[in-house]
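Good morning. I will take a few minutes to walk through one structure, for those who have not met it before. Please have the sequence and the model in view.

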Amino acid sequence: MAVYESVTDAIGGTPLFRLSRLEEGLGARIYAKAEFLNIGGSVKDRAALSMIESAERDGLLRPGGTIIESTSGNTGIGLALVGRGRGYRVIIGISDRAAREKSDILRAYGAEVVTAPTALPKEHPDHLFHVVRRLAEEIPGAWLANQYDNPANPDAHVRTTGPELWEQTGGRITHFVAGIGTGGTISGTGGYLKQVSGGRVTVIGADPETSVYSGGDGSPYFVESIGHFVHPETQEDHWPESYQREVVDRFEQIPDRESLLTARRLAREEGLLVGPSSGTAVAAALRTARGLGPDSLVVVLLPDSGRSYLSKALSDDWLREWGFLEEPRTPDDREPTVRSVLGAAPEAGLATVSSAASLGEALAVLRGVPGGVAPVALARPGRRNGVSASEVVGSVDTAGIEAALAAGADPGDPLGDRLGAPLPTVGVGQPVSTAAALLGSGHQAAVVLENGRALCLLNRDRLDGPA
Ligand SMILES: Cc1ncc(COP(=O)(O)O)c(C=O)c1O
């Protein structure tokens, strides 16, 4: 049993767990690196300590200074627990979409938290990226950690995570699987393992299906902290310098559903309560192991604990609301779900209007829609995966557009601010009674969600009519 003189000494040195239940029937052994056992609960403690020590060495961070960073949460926790202990002020900018638990944890460690939108074009002055940069310029003695481009981030993994895995597996590791956020983990760990093994270790990037890292369309996904989302109005997209693309041999593109349900299985079957990005990584590891023999040894990295996601990805109610879970709520739950009233090919009934459409174009779409109402989604050139619920910006209906035209608007005018509120949503696995309650409370229609994306519209006729 270890005795530490300082909490920072307890960063790193995490164990490997065999995924004996999930790997059953697959060719290779799979071990998971339990990074949630770091003192701050995630792999990011390593990068935070490394970046702070390097900034102190370089004189960028001095006594009385302020540490600033934008983060999906975990890097902020690492910076707060190391930084506050050394007497620094710590200000963390966090996405307004991050799980609520993360900002609560940051405050509990004594960090100041600012939230700002990330669902904006990168150039927008209110985007989190610019908010933290402005703070860093305004506050004397401030240092922006900038994990995205800070070489001390991947370097933490070259010095610690990589050598630990080589030692823990006695040099027998053949495949390393990890997600990519800033890219620090995969670049540093993967790069080290390739170098020490003379190129024998294959590095696999576990990427959300729509992330642009592995060639997706950049549309939003539900797994936090990994992949690369691109707002459709972003002019110039930069990839982090912490991500060294040449280290990744290949990708597994994992849909949200597979990631989220794999994270759920990890808790239920392996006793590992981990976050959704661990689900993505393990889903990729399972796919990898399927094609390999018993001499192969796959190591997958589990970045953080599930305790930060109890209100979202690890809640069955949340999974059902977004259309990720359809199984009965309890073994004797007989209540029909929304799916049971949709009939075959429900998606045929969905029409969405682009936010870039003109009044005339919107009207043409609405003419074919029963009920004359449709959701409006952000225009995304090259969209391949359907409309994500988070890209719905409002709704339009025939009556509203006809009224605008009658009042003198031109059919070529943009929809602009003539949007109504977004329609309510219901998950395809939620009880029919939930949908009935929504439609009974004055809404014309609800959007049925399957895997976080719009599947079809549901109105009163459909609910009452034959399935
Ligand atoms: C939960 C979680 N998973 C994965 C990652 C990705 O790690 P990296 O930034 O080293 O690529 C992060 C980074 O913040 C994370 O917080």
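Which element gives the largest share of the shell around the ligand? Helix 6 does, with 3 residues. Before going further, a caution: this is a predicted model.

Let me stay with the ligand. The residues that surround the ligand number 19, and the closest are Gly181, Thr182, Thr185, Ser225 and Pro303. Helix 6 covers 184–196, and helix 2 covers 74–85; each of the two supplies at least two residues of the shell around the ligand. By class, the shell around the ligand holds 13 polar, 4 nonpolar and 2 charged residues.

Now the domains. The domain assignment of the protein chain has three entries: domain 1 is 12–39 + 154–309, domain 2 is 44–144, and domain 3 is 338–464. Where does the ligand's shell lie relative to domain 1 and domain 2? It lies between them, because domain 1 and domain 2 both give residues to the shell around the ligand.

As for domain 3, its C-alpha centre and that of domain 1 lie 37 Å apart. The contact between domain 1 and domain 3 takes 10 residues from domain 1 and 13 residues from domain 3. On the side of domain 1 that touches domain 3, there are 4 nonpolar, 4 charged and 2 polar residues.

Next, the strands. There is an open sheet of 6 strands, in the order 1-2-10-7-8-9, and its pairing is mixed. Which strands sit at the edges of this sheet? They are strand 1, at 16–18, and strand 9, at 250–254, and each pairs on one side only. On average, neighbouring strands of this sheet are turned by 25 degrees against each other, direction ignored.

As an example from that sheet, take strand 7, residues 175–179, and strand 8, residues 202–208. Strand 7 and strand 8 run parallel and are joined by 5 bridges. Phe176 has Val203 in strand 8 as its bridge partner. In general, strands of a sheet pair through backbone hydrogen bonds, either parallel or antiparallel.

Last, strand 3 and strand 4. Is strand 3, residues 66–71, mostly covered or mostly open? Strand 3 is mostly covered, with 5 of its 6 residues buried. Strand 3 pairs with strand 4, residues 89–95, in the parallel sense, and 6 bridges are involved. One pairing to look up on screen is Thr71, whose bridge partner in strand 4 is Ile94.

That is the end of the tour.

Note on methods:
Residues numbered from 1 in each chain as written. Predicted model: local features only at pLDDT ≥ 70, side-chain atom pairs only at ≥ 80, totals over all residues. Pairing = 2+ DSSP bridges. Helix = DSSP H or I, 4+ residues; strand = E, 2+ residues; numbered from the N terminus. Axes fitted to C-alpha atoms, helices over the stretch in contact; angles between N-to-C directions. Domains from an automatic or database assignment. Contact = placed C-beta atoms within 7 Å. Nonpolar A, V, L, I, M, F, W, Y, C, P; charged D, E, K, R; others polar. Near = placed C-beta within 6 Å. Buried ≥ 20, exposed ≤ 12 C-beta atoms within 10 Å, placed from the backbone.
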